[in-house]
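Here are my notes on the model, set out as numbered points for you to check against the coordinates.

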Amino acid sequence: MLQKLKNGIVDSQIFKSIFRHGYPDNDLDRAYAIFSNVFLHIHPVKVRRSALRMRYTFCLGGITLLLFIILSVTGIWLMFYYTPYTGLAYRNIKDLQFVIFGGNLMRDLHRFAAHGMVLFVWLHMTRVFLTGAYKAPREFNWIVGVVLLVNTLVLSWTGYLLPWDQLAYWAVTVGAKMASYTPFLGQNGPWGPQLGFLPTNDIMFMLLGGTVVGQNALIRFYVLHCVVLPLVVTVFLAVHFWRIRKDGFSGPL
Amino acid sequence: MTNPAAGVGHPEETESGLNPSEKGRRKFLVAAGWSLVGATMAGSAYATYKFLFPPILYEPPTVFKIGHVSTYGLGIDERWKLKGRFWVVRNMRGIYNMISICRHLGCTPNWFPDQKRFRCPCHGSIYDAHGNVRGGPAPRTLWRGQITRDPLDGELIVNTVIRLDPDPVQTPQGLWVKEKVKEISPFYIGHAAPPGASCASNRLLC
């Protein structure tokens, strides 16, 4: 009876249209199930027992990816209630924390996953360094990883401003002032004033959209945090994973 | 006519044997095409750069019209400290202003008329009436803001963003910048001393 139902589903036009292969109860169809599926194709068709060993990679990169996914999901939940306006941002955060059902959970998940992502990126890179996995011919993927590290840190920093409390305000004020000491591009940096950079045209002004941390800075950081940087990270993640799979040094991982 | 690269009117030509004028034309078209692409990219880059710099800001003002010289007496005037974060200082030779931002970590120092010193409440930096460092951790002397005269009504205009910050020298008294170096246009306006004024109260004002 169940077998008949299963066969009926598997043989149906709809199933074949979606999956384009038979029920994965044989090696061929199992292989098809992996590499004809956009969500699974990043995974190898077959995994060796040795690749499942934890002790070499400790799954640090995978945990980082998991945290990035958690951050994307919880971040979208937070965006439903958050307004990047100086008059509302802090109140929205308070509402999320104390009034909205599940708001505090989403905020805490977002916050701790963010801390965790920075931590696990660092651990992952330490592991890669200690096992020498950055060496030729995989230097390019190390560089992609460094770009992802920088993006992770900038994501943390831009997200820091959004609660619009004293901590956020001064942390970003200090960070933006550091940008103003950039050589050649900052008003306070070496050769900055000589090249004509003033508080109204240097890199800090470009970052904040003003001379102080205000509304322009808030909306700028919001757009960077919620749209630009996650997109950049996603693109670089795709390249990162593509290289790992195609280089194949790690075996069918 | 099997080779589509050959011109319709020149059936004898092949890809490798183009006549020189044809070669020159293609080279020119490639160069022109890439120049167009390059110009478009450069234009977009410039437009992006311009886009990121707002030409209008809704920020607290940084330029203040502070009235005539005659409304200021000799010495340190604190009336603009809260609104504009600067002091107006008038001495026997003229008038200037100093930004009320401690050069150590950016707190607001207080003026103590009895001691004739600015003292920063955060980490104890001490400045004299010229902004020279007399003690504490401050690494440089106080900033001086731009001060100009409105050509229409003669009132003074202070711009707190344009600042004078010469390198100080280490002396036994503290970090020093000669007044001559700081009393320059547009950070200083020469003006006769107020009537009946003497600098007995503070010799630094002479």
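1. In this predicted model, the largest nonpolar core holds 38 residues, and the members that touch the most others are Met117(A), Leu161(A), Leu162(A), Val172(A), Leu208(A), Ala217(A) and Leu218(A). The elements of chain A that supply two or more residues to this core are helix 5 (60-79), helix 6 (89-98), helix 7 (103-130), helix 8 (139-161), helix 9 (166-179), helix 10 (203-208) and helix 11 (215-247). Among these contributors, helix 7 of chain A gives the largest share, with 8 residues.

2. Leu218(A), named above as one of the core members touching the most others, can be followed further through its contacts. When neighbours within four places in sequence are set aside, Leu218(A) is in contact with Pro84(A), Thr86(A), Ala89(A), Leu161(A) and Trp164(A), and of these partners Leu161(A) also appears in the list of best-connected core residues.

3. A second core, separate from the one in chain A, consists of 24 residues, including Ile76(B), Trp87(B), Tyr96(B) and Val158(B).

4. As for the make-up of chain B, 3 helices and 13 strands are assigned, and 22% of its 206 residues count as buried. Where contacts in chain B link residues at least 6 apart in sequence, 47% of them join residues at least 24 apart.

5. The domain assignment divides chain B into domain 1, covering 10-54, and domain 2, covering 63-194. How far apart do the C-alpha centres of domain 1 of chain B and domain 2 of chain B lie? The separation between these two centres is 58 Å.

Definitions and conventions: Residues numbered from 1 in each chain as written. Chains lettered and ligands numbered in written order. Predicted model: local features only at pLDDT ≥ 70, side-chain atom pairs only at ≥ 80, totals over all residues. Domains from an automatic or database assignment. Core = buried A, V, L, I, M, F, W, Y, C linked by C-beta atoms within 7 Å. Buried ≥ 20, exposed ≤ 12 C-beta atoms within 10 Å, placed from the backbone. Helix = DSSP H or I, 4+ residues; strand = E, 2+ residues; numbered from the N terminus. Contact = placed C-beta atoms within 7 Å.
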